[in-house]
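Biologist: I'm new to this one. Could you show me how to read a helix pair and then the pockets?

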Amino acid sequence: MTNSSWGLLALYLGILGVAAWPLGIWLARLCSGQLPGWMLRVEAPLYRLAGTYAEESMHWSHYALALLAFNALGMVAVYALQRLQVWLPLNPAGMTAVSPDSAFNTAISFVTNTDWQGYTPESTMSYLTQMLALSVQNFFSAATAIAVVFALFRGFAAGSSRVIGNFWVDVTRITAWLLVPLSLVFAVFLVGQGVIQNFDAYKDVSTLEVTNYQQPKNGPDGQALKDDKGNPVMEDARTDKQTLAMGPVASQEAIKMLGTNGGGFFNANSAHPYENPTALSNFFQMLSIFLIPAALCFAFGRAVGDMRQGWAVLAAMTVMFVIAVVAIIPAEQAGNPLLAPLGVDQAQSALQSGGNMEGKELRYGINASSLFAVITTAASCGAVNAMHDSFTPLGGMVPLVMMQLGEVVFGGVGSGLYGMLIFAILAVFIAGLMIGRTPEYLGKKIESHEMKLTSIAILVTPILVLAGAAFAVLAGAGKAGIANPGAHGFSEVLYALTSAGNNNGSAFAGLSANTPFYNTLLGAVMWLGRFGVIVPVLAIAGSLAAKKRLPVTAGTMPTHGPLFVTLLIGTVLLVGLLNYVPALALGPMVEHLMLWPAH
């Protein structure tokens, strides 16, 4: 780690904390319904149309059914728009209908906040599909996850209640009073930085790369001209044309980052100059990914009436995040040892970036690209400004591990915090076993029912990832998509299933995944990875809400100090990561040993 690396990390965390604090206050008010009167008056007609009332609360099972129905309807809508886009407006490039398997995968992907893209967006999706299907689901999938963590907040804060809130009210308020205003402001900022926002047809433009050659010159009648000696008259010609895709990019880019969605308008995602043109836009995109997840930690402390609880969770997240950044940047700065015998200079100097610059944008360099990689995989975002497949083995293992931890290091909007709180419940249960006391967390007893649900929520994703990866490398159709046989090919398959199961969406892009086999497999894993966790979390929220809050006594284990933070980190690392160690040994660890044979 260089001084500039430490400086960038410190600046990022400092600004993130300053921005997240006031937003956390607003999130706590959204959760409790403490809104200005004019907002309540604007909402009222929407609730009447939906057949519900702001004061009407739901049992956890009704909340879960409403959530599942809402997202199932969204999946059908996204699928239909893709299949029908050839006959719909706002399609200046004449995009055809998306194939059934790709449409199925994409519909699930955007509904589950994964935004996995096995296709090239600018040559597959019309403007209408990008806006009405993909961007709309970016809002709704993010609102869904925040609604779930709000329900869990209420479960901890309530005393003997059978209800955890109203899903329709939560998703409306989160969308209208959080995601839309933030996205509008951020989209305007991005436009100011150079991100495009238009409905123009694709443009043929002259580029700086010119190929000069001579060609016969024709006269007005179209016939070749000749000189006095009968030789053809030649003229200079050049080819310098390139087709550039246009579209409403800034509006999608804003919610893509703020909602930790990650789907790019262009195939190059946030490495594309029309999505991420400057170092400043890159920095603010990184901030926007963690903004709501960090603010939710402060909102959690306010919701349960003890800010120290929010600080403890945030501290655990921050420690693991810093460790990941400290691991990935030196791995990329070290470069590729196989190039040294060839006389390639990989040292950092005033004339070159140095290190492993393969697959990275020069305008960001190793520090910003590596930091972006950790942020986007710690969160369930999946946006990328560099090619993760080109990272060194250990460098590429860091984003893989961040996803395999369950994306609880800040994590996705809502999903990161409810995932971390599930690990907190497990941590206090383990501590209770060690000291011989009934485990409690925030005044609620943690009993066998909660632990069964916690086990399901923690284990469902590793089972999906590891079983899916095993199936892919055994099936002929799965092996057909592997372009790099051996350890790296396995790493690509493992990364794809990890990304799908944890609803991230980034990829080691060497795997040919836009096939019926992978579209179907990854689609199923994405759906089960999302709702196979959400339903147990809502059941836990309902169970906790029904329990009385116990007063704090001298024998109550504190869950806000350094000891608990250490216990929480240890639980996440041991329980979250140990499932994957054998698979990691077969992939990136073997790659590293092959790259550094002398070590």
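Biologist: Which way does H11 pass H15, in a left-handed or a right-handed crossing?

Modeller: Keep in mind that this is a predicted model. For handedness, look at how the near helix is turned relative to the far one. Here H11 passes H15 in a left-handed crossing. H11 covers residues 393-404 and H15 covers residues 487-501, and they pack at an angle of about 35° with axes 9 Å apart.

Biologist: Which residues make that contact?

Modeller: Look for heavy atoms within 4.5 Å. On the H11 side you'll find Pro399, Leu400, Met403 and Gln404, and H15 brings Leu494, Tyr495, Thr498 and Ser499. Sorted by class, this contact has 5 nonpolar and 3 polar residues, with no charged ones.

Biologist: On to pockets. What volume does the largest pocket have?

Modeller: About 640 Å³. Next, check who lines it: there are 32 residues, and Gln117, Asn267, Met387, Ala507 and Ala509 are the closest to the centre. The lining of this largest pocket splits into 14 nonpolar, 15 polar and 3 charged residues.

Biologist: And the second largest pocket, which residues are closest to its centre?

Modeller: Asn336, Phe391, Pro393, Glu591 and Leu595, out of 16 lining residues. The volume of this second largest pocket is about 380 Å³, and its lining has 7 nonpolar, 6 polar and 3 charged residues.

Biologist: Which helix gives the largest share of that lining?

Modeller: H19, with 3 residues. H19 spans 588-595, and both H19 and H15 supply at least two residues of the lining.

Methods
Residues are numbered from 1 along each chain as its sequence is written. This is a predicted model: local features need pLDDT of at least 70, side-chain atom pairs count only at pLDDT 80 or more; totals for chains, interfaces and linings use all residues. Side-chain values use heavy atoms; hydrogens and water are left out. Axes are lines fitted to C-alpha atoms, for helices over the stretch in contact, and angles run from 0 to 180 degrees between N-to-C directions. Helices (H or I, at least four residues) and strands (E, at least two) are DSSP runs, numbered from the N terminus. Ala, Val, Leu, Ile, Met, Phe, Trp, Tyr, Cys and Pro count as nonpolar, Asp, Glu, Lys and Arg as charged, and the others, Gly among them, as polar. On a 1 Å grid over the protein atoms alone, a cavity is a set of points where a 1.4 Å probe fits but cannot get out, and a pocket is an open set with protein on both sides within 12 Å along at least five of seven lines; lining residues have an atom within 4 Å of a point. Grid points are joined across faces, edges and corners, and a volume is the space filled by probe spheres set on the points.
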